[in-house]
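Here are some notes on two helices, for reading alongside the coordinates. They deal with length, burial and neighbours.

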Amino acid sequence: MNLIKIAKLIFEYAKYGEDGSVVGTSRAIDNVSIDIEKGSFVAVLGHNGSGKSTLAKHLNAILLPTEGTVWIGEDDTKNPDALWDIRQRAGMVFQNPDNQIIANVVEEDVAFGPENIGVPTRDIWRRVDESLKAVGMTAFRKKSPNKLSGGQKQRVAIAGVMAMKPDCIILDEPTAMLDPHGREDVIRTVHELNKQENITVVLITHYMEEVIDADRIIVMDEGKVVMDGTPKEIFSKVDQLKKYRLDVPQVTELAYELKKEGVPLEDGILTIEELVDALCQ
Ligand code: ADP
Ligand code: MG
């Protein structure tokens, strides 16, 4: 079953002249169609400016299509009556954790979303408990968010989304400002939510190591979807990825270089174990 359906999406930003009048448009999304299955973990890759954030903002109606349609479940994002439903079902996590934290105490921050949509108090605290537990932050519930590391703050932001009981969570470069340890924690947390709570995940990132466990990778370039497949399929095409100015995981790169030097290896090696196995055969 598809949770998200994007059909022939075109989005154009207005271009403004010096006097503030609209002097034209620039196309950021150029005829994109994507179906995302419920419960799947989808990673979106693409060079800066390829349209990833613009696409993400269509998934909870922050932006509306210039042409084409986006559905979350049965709801067309253009339907104003469905706005709250869509925002509740598709939660967003952004790059900078400091911009997403509102309250002075962790548990209050997590409670903010459900409070805002009128969830009864008793249920709110149960949701806060469950969400903090799901992201491994229960021990910090009474703490000030200011005292947390970037990775911990990002996990609190994710708990805040979880407390809304979304079907889907969209993360736009959530680890870009984190150290390697924080990055690992956040990615592990997102994978657990996907597996254990069956939350559909759309993860935008430019760290290749973060996408090798995704079910599916979508590559964008100049507003278009240019590749779509499993990690193994995508990372088998090193030359094509380089054309789109993307890296590949270090192990994939090493295997690719070895193969070029004549070592018989299959394409799309993603882990050290796979490479070791292949070399020892
Ligand atoms: P990405 O997230 O992949 O870096 P974006 O979706 O942010 O890409 O940007 C896609 C294109 O749209 C880029 O050319 C960018 O300059 C342009 N763009 C993004 N935001 C705006 C905006 N608010 N106004 C005008 N152009 C924008
Ligand atoms: Mg972006």
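The points below concern a predicted model and take its helices in turn.

1. Helix α5 covers residues 150-162, 13 residues in total. At 1.5 Å a residue its expected span is 18 Å, and the end C-alpha atoms lie 18 Å apart, so the two values agree.

2. How many of the residues of α5 are buried? The count is 12 of 13, so the helix is mostly covered, taking buried as under 20% relative accessible area. The buried residues run through G151, Q152, K153, Q154, R155, V156, A157, I158, A159, G160, V161 and M162. Charged names such as K153 and R155 are therefore on the buried list too.

3. The cover over the buried residues of α5 includes strands β6 (90-93) and β7 (168-172). Helices α3 (106-116), α4 (121-134) and α6 (180-197) are also among the elements that cover them.

4. Helix α4 has 14 residues, for which 1.5 Å a residue gives an expected span of 20 Å. Its end C-alpha atoms are 20 Å apart, which agrees.

5. Which residues of α4 are buried? They are D123, I124, R127, V128, S131, L132 and A134. These residues cover an arc of only 160 degrees around the axis, which puts them on the same side of α4. An α-helix has 3.6 residues a turn, so residues three or four places apart point the same way.

6. On the face of α4 turned away from the buried side sit the exposed residues R122 and K133. The buried residues of α4 are covered by elements including α3, α5 and α6.

7. After α4 comes G136, with a positive phi near 70 degrees.

Notes. Residues numbered from 1 in each chain as written. Chains lettered and ligands numbered in written order. Predicted model: local features only at pLDDT ≥ 70, side-chain atom pairs only at ≥ 80, totals over all residues. Heavy atoms only, no water. Helix = DSSP H or I, 4+ residues; strand = E, 2+ residues; numbered from the N terminus. Expected span 1.5 Å × (residues − 1). Buried < 20%, exposed > 50% of the residue type's maximum accessible area, 1.4 Å probe, protein only. Contact = heavy atoms within 4.5 Å. Arc of directions from axis to C-beta.
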